[in-house]
Amino acid sequence: VALCDLPRGSMVLEYRGERIRQAVADRREVLYRSQRKDIFLFGVSDPTNDDEPVVYDTTECGTIGRFMNHSCLPSTFMKILTLGGRMRLV
């Protein structure tokens with residue numbers, strides 16, 4: 001719950017974590033499950049690279065954004081921006 005009203009379309013934060021390939025994410029998921037950790041792997045299509053999706057692993061390093069919008073009634077949305085040749089999730 002926000003402490004104040006936010007204008008529609010406002011950027012709340014940047015979703016950040018370690019960018020990894022899908023094969024690495026698959027191995028980490030198995031590892032994290034064996035360690036009984038909560039898993040925060042978020043896959044997206046990279047508009048700068050059609051070959052392979054990018055997965056953001058925020059399980060051990062990432063912003064508070066990994067906790068946002070885990071709801072049946074989400075109040076925010078993710079937008080993919082390309083800035084300086086890099087994909088940004090905001």
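Select strand 5 and show its side chains, which alternate along the strand: Met-87 and Leu-89 point to one face and are buried, while Arg-86 and Arg-88 point to the other and are not. Here buried means under 20% relative accessible area, exposed means over 50%, and partly exposed lies in between, with a 1.4 Å probe and protein chains only. In a regular strand the side chains alternate between the two faces of the sheet. Helices (H or I, at least four residues) and strands (E, at least two) are DSSP runs, numbered from the N terminus.

What you are looking at is a predicted model, in which local features need pLDDT of at least 70 and side-chain atom pairs count only at pLDDT 80 or more, while totals for chains, interfaces and linings use all residues. Residues are numbered from 1 along each chain as its sequence is written, and side-chain values use heavy atoms, with hydrogens and water left out.

**The hairpin**

Keep strand 5 (residues 86-89) selected and add strand 4 (residues 80-83), which runs antiparallel to strand 5 and is joined to it by four bridges. Two strands are said to pair if DSSP finds at least two bridges between them. Which residue of strand 5 is the bridge partner of Leu-83? Select Arg-86, and you have that partner. Between the two strands, which together form a hairpin, there are two residues, and Gly-84 in this turn has a positive phi of about 60°.

Now pick Leu-81, whose place is in strand 4. Leu-81 counts as partly exposed, at 28% relative accessibility. If neighbours within four places in sequence are left aside, Leu-81 is in contact with Arg-86, Met-87, Arg-88 and Val-90, where contact means heavy atoms within 4.5 Å. Draw a line from the C-alpha of Leu-81 to that of Asp-46, and the distance is 10.0 Å, although 35 residues of sequence separate the two.

**The sheet and its helix**

Step back to the whole protein chain, which has one helix and five strands, in the order β-α-β-β-β-β from the N terminus on. Three of the strands form an open sheet with antiparallel pairing, in the order 1-3-2. Colour strand 1 (17-20) and strand 2 (41-44), since these are the edge strands, each pairing on one side only. On average, and with direction ignored, neighbouring strands of this sheet are turned by 30° against each other. Helix 1 (residues 22-34) packs on the sheet, where it touches strand 1, strand 2 and strand 3, and its direction makes about 40° with that of strand 3. For such angles, axes are lines fitted to C-alpha atoms, for helices over the stretch in contact, and the angles run from 0 to 180 degrees between N-to-C directions.

Within helix 1, select Val-24, which is buried, with a relative accessible area of 17%. Val-24 and Val-55 are 31 residues apart in sequence, and their C-alpha atoms are 8.8 Å apart in space.

Next, select strand 2 together with strand 3 (residues 54-62), an antiparallel pair joined by four bridges. Opposite Leu-41 stands Asp-57 in strand 3. Phe-42 also lies in strand 2, and is partly exposed, with a relative accessible area of 29%. How many residues apart along the chain are Phe-42 and Tyr-56? They are 14 residues apart, while their C-alpha atoms are separated by 5.1 Å. Not counting residues up to four places away in sequence, Phe-42 touches Tyr-15, Val-54, Val-55, Tyr-56, Met-78 and Leu-89.

**A loop residue**

Move to the loop between helix 1 and strand 2, where Arg-36 is found. Is Arg-36 buried or exposed? Arg-36 counts as exposed, at 78% relative accessibility. Its phi is near 60°, a positive value in a residue other than glycine. Most residues other than glycine have a negative phi.

**The whole chain**

Finally, show the full protein chain, whose C-alpha atoms fill a box of roughly 40 × 35 × 20 Å, taken along the principal axes. Of its 90 residues, 21% count as buried. Residues 24 or more positions apart account for 59% of the contacts with a separation of 6 or more.
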